[in-house]
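Grab a pencil and work through these short exercises with the model open beside you. Try each task yourself before you read the solution.

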Amino acid sequence: MSLAAQSADHLIDRLGITKRSDLLLLEEIAWTRGILVKEGLLEGSEARLVMAKGRGIITISSSIQDLRRKRFSIAHELGHFELHRAQRGLSLCLSEDIRDGVSRTAGQDLEQEANEFASALLLPYRFFAPLCKNQEPSLDYIAHLANDFSTSLTATALRYLNFCEEPVAIVYSHDNRIQWFQGSKDFETTREDLEFFIDVRARLDRSSVAATMFQGRNLPSKMSRVLASSWFTSGRYEQNATILEHSYFMPTYNATLTLLWIDEDIENEDEELTED
């Protein structure tokens, strides 16, 4: 567990939160820490935290319409208060800083820590992790969890990866191109072994369900079996190997969110023997 996640967990302990429904009272949680949450006009930023003498004011841009986005922004700024108040008195966060838990590049450590804190606070291990086990992976189930915790589908999907016991990955594609992906522990292990690789920035393969959604086909959202080569550009897998794909189209962002699940052994054992 990261330092940011530990800090969020300790805050939950300190406040005596015993029910996940208490997490819906996010502004009240902030108030107990000496922080007032309000909305206002912000130019060039999505959220702002001003701190002085152990207290603070979080301002959330009134242009944000999505309640779940507002909640993540509040939790993000609360993360800055809990983790970084000794380092800065003012925090201005752009939309690209508040990224629903998506990993950032080097040089964005403070923003990434605030994102990790927000994810761990809104989807805490004690309430969330048990719900991720003994359930077959699917975006439908993740959407169900997102509704229960009042969090975005993307944030919930990425947090889900931490506790899923299957080799799965979440892929975000925009305008028919893969933008990023993250895998569960088991999936990451296979990727590090160079068995499977997803080419970020590549155009989606036409045979993937996600690609057909960008073509304007109103396909029902369901788990589908596709060729592994639809997503993996290289690796030691059988030529006709298949994996499971579940994609959601998000028209507001012209994007798809995809869950990939390697539900069976697809490794090419003959090739492995040849290499040995």
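**Exercise 1: Finding your way in the sheet**

Val-171 sits opposite Phe-181, a residue of β6. Keep in mind that this is a predicted model.

Task: Starting from that pair, work out which strands form the sheet and in what order.

Solution:
- Step 1. Look at β5, residues 168-174, which is joined to β6 by six bridges, the two running antiparallel.
- Step 2. Now widen the view: five strands make an open sheet, ordered β6-β5-β9-β8-β7, with antiparallel pairing.
- Step 3. Check the edges: β6 (177-183) and β7 (224-227) each pair on one side only.
- Step 4. Going from one strand to the next, the twist averages 30°.
- Step 5. Finally, see what packs on the sheet: helix α6 (residues 139-149) touches β5, β8 and β9, and its direction makes about 45° with that of β8.

**Exercise 2: A salt-bridge network**

Task: Find out which residues are linked with Arg-126 in a network of salt bridges.

Solution:
- Step 1. Asp-9 and Arg-126 meet through their side chains in a salt bridge, 2.8 Å from N to O. Asp-9 lies in helix α1 and Arg-126 in helix α5, 117 residues apart.
- Step 2. Asp-13 also forms a salt bridge with Arg-126, with 2.8 Å between the closest N and O atoms. Asp-13 belongs to helix α1 too, 113 residues from Arg-126.
- Step 3. Put them together: Asp-9, Asp-13 and Arg-126 form the network.

**Exercise 3: Buried or partly exposed?**

Task: Glu-82 has 15% relative accessibility; how does it count?

Solution:
- Step 1. Buried means under 20% relative accessible area.
- Step 2. Glu-82 is at 15%, so it counts as buried.
- Step 3. Its salt-bridge partner is Arg-85, at 3.9 Å between the closest N and O atoms; Arg-85, at 39%, is partly exposed.

Note on methods. Residues numbered from 1 in each chain as written. Predicted model: local features only at pLDDT ≥ 70, side-chain atom pairs only at ≥ 80, totals over all residues. Heavy atoms only, no water. Pairing = 2+ DSSP bridges. Helix = DSSP H or I, 4+ residues; strand = E, 2+ residues; numbered from the N terminus. Axes fitted to C-alpha atoms, helices over the stretch in contact; angles between N-to-C directions. Contact = heavy atoms within 4.5 Å. Salt bridge = Lys/Arg side-chain N within 4 Å of Asp/Glu carboxyl O. Buried < 20%, exposed > 50% of the residue type's maximum accessible area, 1.4 Å probe, protein only.
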